[in-house]
Amino acid sequence: MTGVAWERVYGCDGTSEHVPALLEALTAAEPETRGRARNELSAHLYHQGTRWQASAVVVPFLVALADDPATPERADLLRMLRRVAIGDHRDDALPFDARAAYPAADRVTDEQLLRLNLWLTGDDEAGDDEAGDAGADRWARDAYDALAAHAGTVTGWVGDADPAVAELAAGLLAWLPPTPLAVAALLATVSAAANLTLAHLPVDDPAVDAHLRRRLGHPDRQVALTAAIALAYRHRAATPEPALTMLAVAADPDGPLPPDVPGWDDRALRGFVALALARIGW
């Protein structure tokens, strides 16, 4: 952290000299201290969908903390990484293309970004309206790229001993460029979150379909149902019959469903069932 000129890195509430102390507080012994640090840091990096210059700078430090098994409440750090790096995008933005999502990112200069920082934090009265949207796109894309640079580390978390970390990591992989190692990690786990990620990855691999077909018979109904959803997403009208039957049963509005899936809780499981049936043509 000593290699960063925090006094020149801007977040939502100004410069970032206080950020190293907040990062250190994330490992404090007292839960209240950790909670306050998470709240303050999240507010500095992400506000009402907007990311800031500090967002991309802090992502590698959050990744390092989440990668340390001794860090308390690592799942909460993955949730923060999801907000900071992905923002408010929902699953209907998948597969995700950061260049298409932030088209104005390259239309702003570093000098304009500095003036925009100063204006937004009240240190400069001369605003630059033209740089506003472009600056927001640039900061959002930089934050995404900062997490994508650590895709290998996120992939490793899919097999983590902490089930909450493993599920959230599987969900995060849906937003990152697919790699053979990421696909292998998803196939090596029994996870509803991994199934939904496989549903959205633009990967044409017979091993993925074979894996999902096997999961249709899993005794955990959440795992089995998300496998059926994934097969429908991937095959549409050619969805195999056992998956069709499972989805038809799950579509009963009065019928019980398993809990919503960690890492995918922006959409209820019933919503994924409806989208899967829509893709099939029901």
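**Stop 1: the aromatic rings**

Start with the aromatic side chains: this predicted model holds 6 aromatic pairs. Select Trp52 and Trp139. Their ring centres lie 5.8 Å apart and their planes meet at 25 degrees, so this pair is stacked. Now colour the chain by sequence position and look at where the two partners come from. Trp52 sits in the loop between strand E4 (50–51) and helix H3 (53–66), while Trp139 belongs to helix H7, 87 residues apart. Both Trp52 and Trp139 are buried.

Next, select Phe96 and Tyr102. Is this pair stacked or edge-to-face? The planes stand at 70 degrees, with the ring centres 6.2 Å apart, so the pair is edge-to-face. Phe96 and Tyr102 are both buried as well. Add Tyr144 and Trp175 to your selection, and you will have a cluster of four residues, Phe96, Tyr102, Tyr144 and Trp175, linked by ring pairs.

While you are beside Phe96, click on Pro95. The peptide bond leading from Leu94 to Pro95 is cis, with omega near -10 degrees. You will find Pro95 in the loop between H4 and helix H5 (98–101).

**Stop 2: the nonpolar cores**

Now select Leu41, Leu62, Leu147, Trp157, Ile229 and Leu247. Within the largest nonpolar core, which has 84 residues, these touch the most other members. Zoom in on Trp157 and show its surroundings. Leaving out residues up to four places away in sequence, Trp157 touches Val63, Ala66, Asp67, Arg74, Leu78, Leu81, Val165, Ala166 and Ala169. Another core, of 8 residues, lies apart from the largest one; among its members are Trp52, Ala104, Leu116 and Ala134. You have met Trp52 already, in the stacked pair with Trp139.

Then move to Thr155, in helix H8 (residues 151–157). Is Thr155 buried or exposed? Its relative accessibility is 11%, so Thr155 counts as buried. Beyond its neighbours within four places in sequence, Thr155 is in contact with Leu173, Leu181, Ala182 and Ala185.

**Stop 3: the salt bridges**

Time for some charged side chains: the structure holds 12 salt bridges. Here are three to visit.

- Select Arg38 and Asp76. Their side chains meet in a salt bridge, 3.6 Å from N to O. This pair links distant parts of the chain, with Arg38 in helix H2 (residues 31–45) and Asp76 in helix H4 (residues 74–86), 38 residues apart. Arg38 counts as buried at 16% relative accessibility, whereas Asp76 is partly exposed at 26%.
- Select Arg74 and Asp160. Here the N to O distance is 2.8 Å. Asp160 lies in the loop between H8 and helix H9 (163–173) and Arg74 in helix H4, 86 residues apart. Arg74 is buried, with a relative accessible area of 8%.
- Select Asp110 and Arg138. Their closest N and O atoms are 2.9 Å apart. Asp110 is in helix H6 (residues 110–120) and Arg138 in helix H7 (residues 129–148), so the pair ties together parts that are 28 residues apart in sequence. Asp110 is exposed, at 55%, but Arg138 is buried, at 17%.

Return to Arg38 and add Arg34, Glu73, Asp76 and Arg79: these five are linked in a network of salt bridges. Pause on Glu73, in the loop between H3 and H4. Its phi is near 50 degrees, a positive value in a residue other than glycine. Arg236 also has a positive phi, of about 50 degrees, although it is not a glycine. Look for Arg236 in the loop between H13 and helix H14 (241–250).

**Stop 4: the two faces of H12**

Finish with helix H12, residues 206–215. Which of its residues are buried? Select Val208, Asp209, His211, Leu212 and Arg215 to see them. They cover an arc of only 160 degrees around the axis, which puts them on the same side of H12. These buried residues pack against helix H10 (180–187), helix H11 (192–200) and helix H13 (221–235). Rotate to the face turned away from the buried side, and you will find the exposed residues Pro206 and Arg214.

Your last selection is Asp205, which caps the N-terminal end of H12. One of its side-chain oxygens lies 2.9 Å from the backbone nitrogen of Ala207.

Conventions
Residues are numbered from 1 along each chain as its sequence is written. This is a predicted model: local features need pLDDT of at least 70, side-chain atom pairs count only at pLDDT 80 or more; totals for chains, interfaces and linings use all residues. Side-chain values use heavy atoms; hydrogens and water are left out. Buried means under 20% relative accessible area, exposed over 50%, partly exposed in between (1.4 Å probe, protein chains only). Helices (H or I, at least four residues) and strands (E, at least two) are DSSP runs, numbered from the N terminus. The arc is that of the directions from the helix axis to the C-beta atoms. Contact means heavy atoms within 4.5 Å. A polar contact is a pair of N or O atoms within 3.5 Å; within protein, one must be able to donate a hydrogen and the other to accept it, and residues adjacent in sequence count only if both atoms are side-chain atoms. A salt bridge is a side-chain nitrogen of Lys or Arg within 4 Å of a carboxyl oxygen of Asp or Glu. A nonpolar core is a set of buried Ala, Val, Leu, Ile, Met, Phe, Trp, Tyr and Cys residues joined through side-chain atoms within 4.5 Å. Rings of Phe, Tyr and Trp (its six-membered ring) pair if their centres lie within 6.5 Å; planes under 30 degrees apart count as stacked, over 60 as edge-to-face and the rest as tilted.
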